[in-house]
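Me: I should like to learn how nonpolar and aromatic features are read from a model. May we work through one case together?

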Amino acid sequence: MLLFVARRLLYLIPVLIAVSLLTFFIASLLPGDLAYTILGDQATPENVAALHKDMGLDQPVWIRYLGWLGNILHGDFGRSFRTGQTVLQAVTERLPVSIELMLLAQLGALGIGVPLAIICAARSGGPFDRFMTGTAFGMLSVPTFLSAILLIYFFAVELRWLPATGYVPFGEDPLANLRFFVLPSLTLALAEWPSIMRVLRSDMIATLQEDYIALAKAKGLTPARILFVHALKPSSLTLVTITGINIGRLIGGAVIVETIFALPGIGRLLIGAILTRDLIILQGVVLLVGAGFVIMNFIVDMLYAVLDPRIRHGHA
């Protein structure tokens, strides 16, 4: 197992380097002088000269990259020229909001998709299976912003059950915090459950055709035990992959959802950095999000090895 983890960590290093390169060149490949882009209306000759010296913009791009990467490795992701706040401070303040949103959304998607997949697999080809398969296919075409608007209209405007926008920290009032997260997390969950349901349903249908499932039926095991004990775990490998991939989709969806529901998370920080041309914040946030996505996929690989020992022994 340790050898398997070490190999995966070695594969992780070049991917992280590639992420850092792409992130660095987000700013370097912009047309024109980067100092004028950052300073905007404050781009006086004195300010431009000071920024050139501070950022080393008069040096070759590869020297700037190595210097920037060295600062990153020492925990210095840069400082906003507009607010004076460091990237780590800005991300640390907003990261708990985005993590809570994505966690609740993922739990909601699994809570909807997994039970429906099990029921559809157990009744494959029946009316309920056909109805839910068609519904899931239709839900895949519904954009996130449309789901958000419809949920706000029904539950916040018409029924007035839930708040449309706003945020309360969990430490101040846990119940109010969860009320503000219901609609945003449900918006993302509605976008994610169809893929979970469709993939798990297909895998479980294939698993239920295996010989050991027929043997379990012959032994007189209950259908529930066969489904949840003997069929669900072998069918969960692809589900783990989908869950890992969904992290990237949730990050993209969070940018839209946090803006619509006025949640002070990473998504709104990213949008704000784009609108104010705060490229230092933009660069740092993109790097941290990209690295987080790569690390999450590494964790998914580890879960694969736990679920199926053949993978870590090289027999899969």
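**Reading burial, ring pairs and cores**

Reply: Let us begin with a single residue: Phe 181 is buried, with a relative accessible area of 0%. Please bear in mind that this is a predicted model.

Me: Which ring pairs with that of Phe 181, and in what geometry?

Reply: Planes over 60 degrees apart count as edge-to-face. The ring centres of Tyr 167 and Phe 181 are 6.0 Å apart and their planes stand at 90°, so this pair is edge-to-face. Tyr 167 belongs to the loop between H7 and H8, whereas Phe 181 is in helix H8, so the pair ties together parts 14 residues apart in sequence. Unlike the buried Phe 181, Tyr 167 is partly exposed, at 28% relative accessibility.

Me: How many aromatic pairs does the structure hold?

Reply: There are six aromatic pairs. One of them joins Phe 155 and Trp 161 in a tilted arrangement, with 6.1 Å from centre to centre and 45° between the planes. Phe 155 counts as partly exposed at 25% relative accessibility, while Trp 161 is exposed at 55%. In addition, ring pairs link Phe 24, Tyr 65 and Trp 68 into a cluster.

Me: How should a nonpolar core be read, and which residues touch the most other members of the largest one here?

Reply: As a general idea, nonpolar side chains in soluble globular proteins tend to be buried together. In this model the largest nonpolar core has 25 residues, and those touching the most other members are Trp 193, Met 197, Leu 200, Met 204 and Leu 208. At least two residues of this core come from each of helices H5 (87-122), H6 (127-139), H8 (174-207), H9 (211-218), H10 (223-231) and H11 (236-260). A second, separate core comprises 24 residues, including Ile 72, Val 91, Val 255 and Met 302.

Me: What is Trp 193 in contact with, apart from its neighbours within four places in sequence?

Reply: Its contacts are Ala 109, Ile 112, Gly 113, Leu 116, Met 132, Thr 135, Ala 136 and Met 139.

Me: Which nonpolar residues form a patch on the surface?

Reply: Such a patch is drawn from residues with over 30% relative accessible area. Here the patch consists of Phe 145, Leu 146, Ile 149, Leu 150, Tyr 153, Phe 154, Val 157 and Ile 256, with about 720 Å² of accessible area together. Helix H7 (residues 144-158) contributes the largest share, seven residues. Leu 150 serves as an example: it is located in helix H7 and is partly exposed, with a relative accessible area of 41%.

Notes
Residues numbered from 1 in each chain as written. Predicted model: local features only at pLDDT ≥ 70, side-chain atom pairs only at ≥ 80, totals over all residues. Heavy atoms only, no water. Patch = residues over 30% accessible without salt bridge, like charges linked within 9 Å, V, L, I, M, F, W, Y side chains within 5 Å. Areas by Shrake-Rupley, 256 points an atom, 1.4 Å probe, with all protein chains shown as cover. Salt bridge = Lys/Arg side-chain N within 4 Å of Asp/Glu carboxyl O. Helix = DSSP H or I, 4+ residues; strand = E, 2+ residues; numbered from the N terminus. Buried < 20%, exposed > 50% of the residue type's maximum accessible area, 1.4 Å probe, protein only. Core = buried A, V, L, I, M, F, W, Y, C linked by side-chain atoms within 4.5 Å. Contact = heavy atoms within 4.5 Å. Phe/Tyr/Trp six-rings, centres within 6.5 Å; stacked < 30°, edge-to-face > 60°.
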